[in-house]
Amino acid sequence: MGWALVAAEPHHRKNWVKRFDPRFWTVDFARPMMASVGTKGPRALRIEAVFYNKQDLAGLIWEAEDRWDHPLLAYETSRDFRRTQLRFRWRSAGIKPLDALHGPTLTIEGRDAGGNPRAWYVRLWNYADGSGEDAVISLDFDALDGGFSLPGEAERVWAGDIDRLFISLVPPAYDGGAGVLASRAEGWAEMSEISCSGSGSVLALGDAVLPEQGLGIATGYDDCYNQSPARVVRQIVQLGYRGDVIHYVGMSHYMRLEANSGGFYLSLAGGTLCAPCAAWHRDFAAECRAAGLGIIWSLSYEIFNAYCWGDWKQRDGNGAPALTGWEPPSTLLSPANGAAMGYLQLVARAFVAIGRAAGLAVKFQVGEPWWWTNPGGKLCAYDAATSQALGAASVAIADIRGPQTPGARAMLDALGALLAGSTAALVAAARHEAGTDWAGSHLLVFLPTVLDAEAPELRRANVPTGWAAPAFDVLQLEDYDWVTAGRGAETAPARDLMVARLGYPVAEQHYLSGFVLRAEDRAQWADIAAAARDARRAGVARAFIWALPQVTRDGFLGFEAEEDEVQAFDAVDFPLAIGREAVAVTEFSTQIIASPSGHEQRASEWAEARMRYDAGPGVRSEDDVRRLTDFFRARRGAARGFRFRDPFDHSSAADGGAPGAADQPISVGDGVRREFALTKAYGAGDAVQHRTIRLPVAGSVRASVAGAETGGFTLNAAGALLFDTPPPMGAAVRAGFLFDVPVRFAEDRLEVSRATFLAGEMASVPLVEVRAPW
């Protein structure tokens, strides 16, 4: 597979879209309220909201800059709204009406004609024709006034430099003050018959359509609840993702809440899912069905901590709740708590029912179920329900790291049985709700946590034997903490361990690769793409990228590279000995633009040089011709690569001689990372170039850590060092090696004659370096 990080360019495929297209509005609000937006045809949208406090406010937003779509699919940034007229029908219920104080108001944020930041507040009722809950609204951005009462309080809007428009929706009891509503208030509003006219009404829209690729995509409701399902599915399809979408329903936006003791907590009053969530997912399921996509509904034991009942939480021996590293934190439900597990089963049924109603085959994933460990190795298995379920088997474990007593191991086994029983019950509830539409169960396991090397006994609880095949139809594995930390080498042995423990062959596994948490770390996509490629080569049934919001933010593209077959590689040596007469060419690709004045702009298009060789001097006899011809046929001409020893540059040593353990600086240890790619440096100072070595010669590699040579390492399939133990923090890692170059025949034609070499003429056998296909 290939991959790239792209930005929008003028030559990318474009279409045209009317400004204020229903698909591209978003919502925003503050907890605990919830809102969602969905399209209702090509000219209509609907926002659903649920309010818990008098001061709750939801915003329906149009942004001048598209911050949510992939760069290839975004609409153009246009802050000039002049020469634009917007007309729509507004209908609403359960919110403040248009004609009321604090009724729906259009906030316009931008700058005035002098460039000074400004906000204008346009009362929509001033531009409405109809009633407070059903009216036609007409807005001309060249003649638009802010102010409550017109014309007395009119403030003319400068529409030439706008950042965003924000229509506010508040509950009927909103009066500008604080306080909890006596009962939650559900409301909705629709904009229909949307019509945008004028010369400023049309925007360019990125419209790239990538071919189908081998990767799947995962997404999550907590990351895209503010967007319309139509917008989300458009991106999935046009970026080339097909088949099933893994959709994590999240841990903080799907639930109904009730006020209690100064907070808001999970509730089943009136149903399971809150109305905005249910509406969004009905639209999402329908959009997926229409696009030919399936959904794997993913539900975890993770819940936003502030919403979770205290006795439902996993707790450590000191009574502290399990808290994740997110801010604000989430917590983990106790598998032993009947009320918590019963609630989770109802949630599973609710989402399954939505998928079934949309006509989708029902696939359900239990996402990352585990017993949490708080800092300091404090196992969270001492909540009241767990202690009661274990009885005498519950023993004090001060620190789960390191060796454990027989009693502790027995407790961990019992915890594993509780966890396996709870996941089985959750799957059974989903299967029962699906009925004849049931299509399979999935288990997602996060390897860095459940196989923590510092807590080897914890896998008794977090990888219970009760999960062994055929408890689930598909085992799904993810390891992004390892991948983004340069520890991807740990995945293959971890996968082998999971096969041995649970019995799911690789062909019955999925792999989730990703994700890049922060935009500034977008370079991590290289490792993520490589991990997905390696998983596919290992034989997994499907590899997924996690997750869509990061894909769109960073402009990630995955695709089936046409050159993959060309870069097929055979780990065999070129059959002839090449002398110093061979020709070696080192080349770069530089784009040079010369101005009329003679000045130049130069852009280097390759990070590393590419080598070319002529191996003709190695052909010295008829036997050489036969060997070369056999080798050429076996490589299918230029189709398959092979190893070639550069006669001028094949050693890490400065003099080209035998390698030493300190020849080349590789990296610096951090106490965690074990895998280090071999590199060779050329030049010095600011001009130094580092060449990645992918084909070290077996038996030639020597390594040192902090100046001391060590043999505690192996080479992985990509030719990188894999130390038995991580080099300590700050320790210099150096290495020496002999190496080959991955090459292919430059042509699909080989011409060597007997007369040529008998006459003393050199045959021409051109070779070209290939980028290592692993």
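Helix α4, residues 338-357, packs against helix α6, residues 406-434, at an angle of about 30°, and their axes lie 8 Å apart. The crossing of α4 over α6 is right-handed. The model described here is predicted.

On the α4 side, the contact is made by Met341, Leu344, Gln345, Ala348, Arg349, Val352, Ala353 and Arg356. On the α6 side, Ser422, Ala425, Leu426, Ala429, Ala430, His432, Glu433 and Ala434 take part. Sorted by class, the contact of α4 with α6 has 10 nonpolar, 3 polar and 3 charged residues.

**The nonpolar cores**

Which residues of the largest nonpolar core touch the most other members? They are Leu60, Trp90, Ile108, Tyr254 and Phe364, in a core of 178 residues. Phe364 also leads back to the helix pair. With its neighbours within four places in sequence left aside, Phe364 is in contact with Ala348 and Val352, among others, and these two belong to the α4 side of the helix contact. Phe364 likewise touches Leu426 and Ala430, which α6 contributes to that contact. Its other partners are Ile296, Trp297, Leu299, Trp438, Gly440, Ser441 and His442.

A second core, separate from the largest one, has 17 residues, including Met611, Tyr613, Val625 and Phe631.

**Cysteines**

The structure holds 0 disulfides. Two cysteines are set out below.

| Cysteine | Closest cysteine sulfur | Distance between sulfurs | Relative accessible area |
|---|---|---|---|
| Cys288 | Cys224 | 10 Å | 0% |
| Cys308 | Cys380 | 13 Å | 2% |

Why is Cys288 without a bond to Cys224? A disulfide requires sulfur atoms within 2.5 Å, and the sulfur of Cys288 is 10 Å from that of Cys224, so the distance is too far for a bond. Cys308 is in no disulfide either, with the sulfur of Cys380 13 Å away. Buried means under 20% relative accessible area; Cys288 therefore counts as buried at 0%, and Cys308 is buried at 2%.

**The chain as a whole**

The protein chain contains 14 helices and 48 strands. Its C-alpha trace spans about 100 × 85 × 50 Å along the principal axes. Of the 774 residues in the protein chain, 53% are buried. Among contacts in the chain with a separation of 6 or more, 77% join residues 24 or more positions apart.

Notes
Residues are numbered from 1 along each chain as its sequence is written. This is a predicted model: local features need pLDDT of at least 70, side-chain atom pairs count only at pLDDT 80 or more; totals for chains, interfaces and linings use all residues. Side-chain values use heavy atoms; hydrogens and water are left out. Axes are lines fitted to C-alpha atoms, for helices over the stretch in contact, and angles run from 0 to 180 degrees between N-to-C directions. Helices (H or I, at least four residues) and strands (E, at least two) are DSSP runs, numbered from the N terminus. A crossing is left-handed if the near helix is turned anticlockwise from the far one by less than a right angle, and right-handed if clockwise. Contact means heavy atoms within 4.5 Å. Ala, Val, Leu, Ile, Met, Phe, Trp, Tyr, Cys and Pro count as nonpolar, Asp, Glu, Lys and Arg as charged, and the others, Gly among them, as polar. Buried means under 20% relative accessible area, exposed over 50%, partly exposed in between (1.4 Å probe, protein chains only). A nonpolar core is a set of buried Ala, Val, Leu, Ile, Met, Phe, Trp, Tyr and Cys residues joined through side-chain atoms within 4.5 Å.
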